[in-house]
Amino acid sequence: MQPRNMSMSGVVDLAAVKAAGEAKAKAEQARAEAARQGGSAAVPPSALVIDVDEAGFEREVIQRSAEVPVVLDFWAEWCEPCKQLGPLLERLAVEYNGRFLLAKIDVDANQMLMQQFGIQGIPAVFAVVAGQALPLFQGAAPEAQIRQTLDQLIQVGEERFGLTGLTVDGDADGVDSPQRPAGPYDGLLEAAMSALDAGDLAGAVQAYKNVLADDPAHPEAKLGLAQAELLSRVQGLDPQAVRKNAADKPDDVAAQIAAADLDLVGGHVQDAFGRLIEAVRRTAGEDRDAARVRLLELFEVIGGDDPRVTAARQALARVLF
């Protein structure tokens, strides 16, 4: 599924931190001072991933965003999708070799930051570039699309603010960086991501199904399959016609299901869930079961630990029982 706000066309208000223009001016001053002193010192690969709290946010994020884009990973220990996304972002931070800095924020310990960024579900990923915050995506996403988002972020940092990133000393940690051991399904997962990049949704679906045939509980394959199948369903649809059909035929379950798929792809998660819960409430028999099954499939796309999924499960239970 396309990460929400991947275009990065908007800038959100940081509320309690510096105003964007003020922060940008500070960023330019910091770069000038660093250049006067001979530039920033090289950092070890281990310094490319940091834990940040409210007390250190100004220093570790706002100030450092003057020299490198800072990617914010809002997570929690109880969040299963976070456990999939976090290690992937950490690996990419090292692989990108200083082109961005990853800052991990535990939302349970930093509720104020979560509120300031308007986060309603996790994992949620933002970036700060020269003091300006950009929403990247919410929920887990395929690696290929995350890479695309990061590449775009880095381009914005370079072209708009002249950010050149951090210099990394690969020997500074004193040990060679361990290679990630190849998993038994890495080839199939890579094939799925390549198919997604090429727009071959049927190929991606089949590759994920091949993994799940051997390991039905594989979390990355389950998520990837749910996302690829969703994209396959909406491919070629006329959004305006689908939404008009759903509005004109509130009792037509097929129309409501198609509109719910479009809602989710567009990032309107609660609208999608609410539409299908209402369809379950209004119908019976095969129609009701079709709406219920599609709702459960959309839960897989978002992740079972997302608060919006939890709330929707409770609402579904109320209309069913």
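Mentor: A salt bridge is a side-chain nitrogen of Lys or Arg within 4 Å of a carboxyl oxygen of Asp or Glu. This is a predicted model, where local features need pLDDT of at least 70, side-chain atom pairs count only at pLDDT 80 or more, and totals for chains, interfaces and linings use all residues. Residues are numbered from 1 along each chain as its sequence is written, and side-chain values use heavy atoms, leaving out hydrogens and water.

Trainee: With which residue does E95 form a salt bridge?

Mentor: E95 lies in helix α3 (helices are DSSP runs of H or I, at least four residues, numbered from the N terminus). The partner lies in helix α5, so the pair ties together parts 52 residues apart in sequence. The closest N and O atoms are 2.8 Å apart, and the partner is R147.

Trainee: Is E143 buried or exposed?

Mentor: Buried means under 20% relative accessible area, exposed over 50%, partly exposed in between (1.4 Å probe, protein chains only). E143 meets R91 in a salt bridge at 2.9 Å, N to O. R91, at 24%, counts as partly exposed. E143 has a relative accessible area of 10%, so E143 is buried.

Trainee: Which helix holds both E278 and R282?

Mentor: These two side chains form a salt bridge, with the closest N and O atoms 3.7 Å apart. E278 is partly exposed at 30%, and R282 is partly exposed at 39%. They sit four residues apart, about one turn of the helix, in α11.

Trainee: Which residues do shared salt-bridge partners join into one network?

Mentor: Two of them pair at 2.9 Å, R91 with E143. E95 pairs with R147. Shared partners make one network of R91, E95, E143 and R147.

Methods
Helix = DSSP H or I, 4+ residues; strand = E, 2+ residues; numbered from the N terminus.
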